[in-house]
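I opened this entry to record what I looked up in one model. My notes go from the whole chain down to single residues.

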Amino acid sequence: MTAQTEKRRRVAVIGAGIVGACTALEMARAGFNVTVIDASQPGGEQAASYGNGAFISPASIIPMSVPGLWRKVPAYLLDKAGPLTINWTSLPRLAPWLVRFLRAGWTEERLRRTVSSLDSLLHDGPDRHLALAQTVGAPSLIQRNGILYAYPNRAAYLSEAPFWALRRQAGLQWRELDAEALHAEEPALAPCYSFGVLVESGAQCLDPGAYVRAILAASGATMKQARVTGLAHEARSVIAVETEFGPVPTDIAVLTAGMGSAKIARTIGDNIPLEAERGYHVELPDPPIRLRRLSCPVMARWPTP
């Protein structure tokens with residue numbers, strides 16, 4: 001253990017989702033005394049890390065903000081079922097964030113820089129999660145048999161050709177599937193899909209909630225169920241996490257609370273430009289069809305994830 005670690009042994013991780021769980025595990029491995037604080041039980045149905053399809057995709061390197069997007073925004077806003085909706089009463093508050101969002105992908109140079117950064121994080125994601133699941137004793141929770149992107153036709157795929165070209169430049173490989181090959185790979189797909197892309201290196205977490213719980217259990221971190229109300233600090237250093245049940249002393253606080261992170265950060269003067277997008281999921285207890293692998297229908301109205 002380093003001298004620096006000796007000086008800062010206590011770590012409070014705020015938020016018990018997948019990011020918080022992995023942070024707790026790594027900090028514990030580094031020799032820190034870790035406490036994870038969350039208002040709810042880890043991996044519960046209320047959490048974002050529970051309610052999603054759990055893509056682990058090296059293809060997810062295209063940001064939402066891309067050059068020319070601003071031209072499409074008016075049409076998106078007029079379509080209630082479109083990929084972008086805004087509560088107009090919130091527009092004054094959201095305007096600064098929207099400007100920064102559009103500027104982030106304003107030029108090809110900025111787009112390529114973001115793609116490169118995302119690729120550095122995601123290119124070996126499936127391998128890392130397979131190894132992590134093995135380490136925490138839950139190898140069956142990560143499955144790698146590819147991710148299928150299903151398009152209505154080849155023209156819809158070609159409308160996103162620049163994005164796929166960026167993926168190829170980053171080293172991603174995939175197989176293009178015509179209608180016959182597509183339905184041979186995934187017979188349950190509706191006939192309205194006639195072209196597909198199979199990213200064979202992609203993986204999926206079969207039970208995100210259980211995965212989060214397994215990682216936290218392996219970390220050995222102390223769990224504290226409480227609502228965080230802020231951070232206490234002295235001389236520019238955090239000394240405690242304030243909760244509804246009183247302070248939790250700490251030397252380091254790590255914010256992994258999703259949307260809640262911005263509000264907590266403001267208590268020490270940090271203004272994080274963070275906004276939530278619309279989110280929901282539907283689970284069918286007795287689905288009428290069974291898919292062979294994770295499948296993503298693409299309508300080509302927004303960059304493919």
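**Overall make-up**

I started with secondary structure. I find 11 helices and 14 strands in the protein. I note at once that this is a predicted model.

Next I checked the dimensions. The C-alpha atoms fill a box of roughly 60 × 45 × 40 Å along the principal axes. The radius of gyration is 21 Å; a compact globule with 305 residues would have one near 19 Å, so the protein agrees with that expectation.

How much of the chain is buried? I get 40% of the 305 residues. For the accessible surface I have about 17200 Å², and 55% of that belongs to carbon and sulfur atoms.

I then looked at contacts between residues at least 6 apart in sequence. Of these, 71% join residues at least 24 apart.

Charges came last in this round. I count 31 positive and 27 negative side chains. The centres of the two sets lie 6 Å apart.

**Helix H3**

I moved to H3, which runs over residues 69–78. Which residues of H3 are buried? I list Leu69, Val73 and Tyr76. They sit on the same side of H3, because they cover an arc of only 75 degrees around the axis.

I turned to the face away from that buried side. There I find Arg71, Ala75 and Leu78, which are exposed. Back on the buried side, I asked what covers those residues. The cover includes helix H4, residues 91–104.

I also looked up Pro74, since its place is in H3. Pro74 has 48% relative accessibility, so I enter it as partly exposed; the cut-off for exposed is over 50%. I took one distance from here. The C-alpha atoms of Pro74 and Leu84 are separated by 9.5 Å, with their positions 10 residues apart along the chain.

**Helix H8 and what packs on it**

H8 covers residues 161–169. I find Phe163, Trp164, Leu166 and Arg167 buried in H8. Seen down the axis, they fall within an arc of 155 degrees, so they line one face of the helix. I note that Arg167 is on this buried list.

On the other side of H8, I find Pro162 and Gln169 exposed.

What do the buried residues of H8 pack against? I wrote down two helices, H5 (108–122) and H7 (154–158). I added two strands, E5 (147–151) and E7 (195–199).

I checked the backbone just after H8. Gly171 takes a positive phi there, of about 105 degrees.

From the H5 side I picked Arg112, which lies in that helix. Arg112 touches Leu166 and Gln169, with residues up to four places away in sequence not counted. I matched both partners to my H8 notes: Leu166 is among the buried residues, and Gln169 is exposed on the other side. Arg112 itself has a relative accessible area of 42%, so I enter it as partly exposed. I also took its distance to Ile61. The two C-alpha atoms are separated by 9.9 Å, for residues 51 apart along the chain.

**The loop between E10 and E11**

I looked for positive phi values outside glycine. Ala235 has one, at about 50 degrees. Where is Ala235 placed? I find it in the loop between strand E10 (228–234) and strand E11 (237–243).

Arg236 is placed in the loop between E10 and E11 as well. Its phi is near 65 degrees, again a positive value in a residue other than glycine.

Are these residues buried or exposed? I enter Ala235 as exposed, with a relative accessible area of 77%. I enter Arg236 as exposed too, with 83%.

**Gln143 in strand E4**

My last stop was Gln143, placed in strand E4, residues 142–143. At 28% relative accessibility, I count Gln143 as partly exposed.

Which residues does Gln143 contact, leaving aside neighbours within four places in sequence? I list Ala203, Gln204 and Leu206.

I closed with one more distance. Gln143 and Ile56 are 87 residues apart along the chain. Their C-alpha atoms are separated by 9.6 Å.

Note on methods. Residues are numbered from 1 along each chain as its sequence is written. This is a predicted model: local features need pLDDT of at least 70, side-chain atom pairs count only at pLDDT 80 or more; totals for chains, interfaces and linings use all residues. Side-chain values use heavy atoms; hydrogens and water are left out. Buried means under 20% relative accessible area, exposed over 50%, partly exposed in between (1.4 Å probe, protein chains only). Helices (H or I, at least four residues) and strands (E, at least two) are DSSP runs, numbered from the N terminus. The arc is that of the directions from the helix axis to the C-beta atoms. Contact means heavy atoms within 4.5 Å. The radius of gyration is taken over C-alpha atoms; the globule rule is 2.2 Å times the number of residues to the power 0.38. Accessible areas come from the Shrake-Rupley method with a 1.4 Å probe; for residues, only the protein chains shown count as cover. Lys and Arg count as positive and Asp and Glu as negative; His and the chain ends are not counted. The place of a charge is taken as NZ of Lys, CZ of Arg, CG of Asp or CD of Glu.
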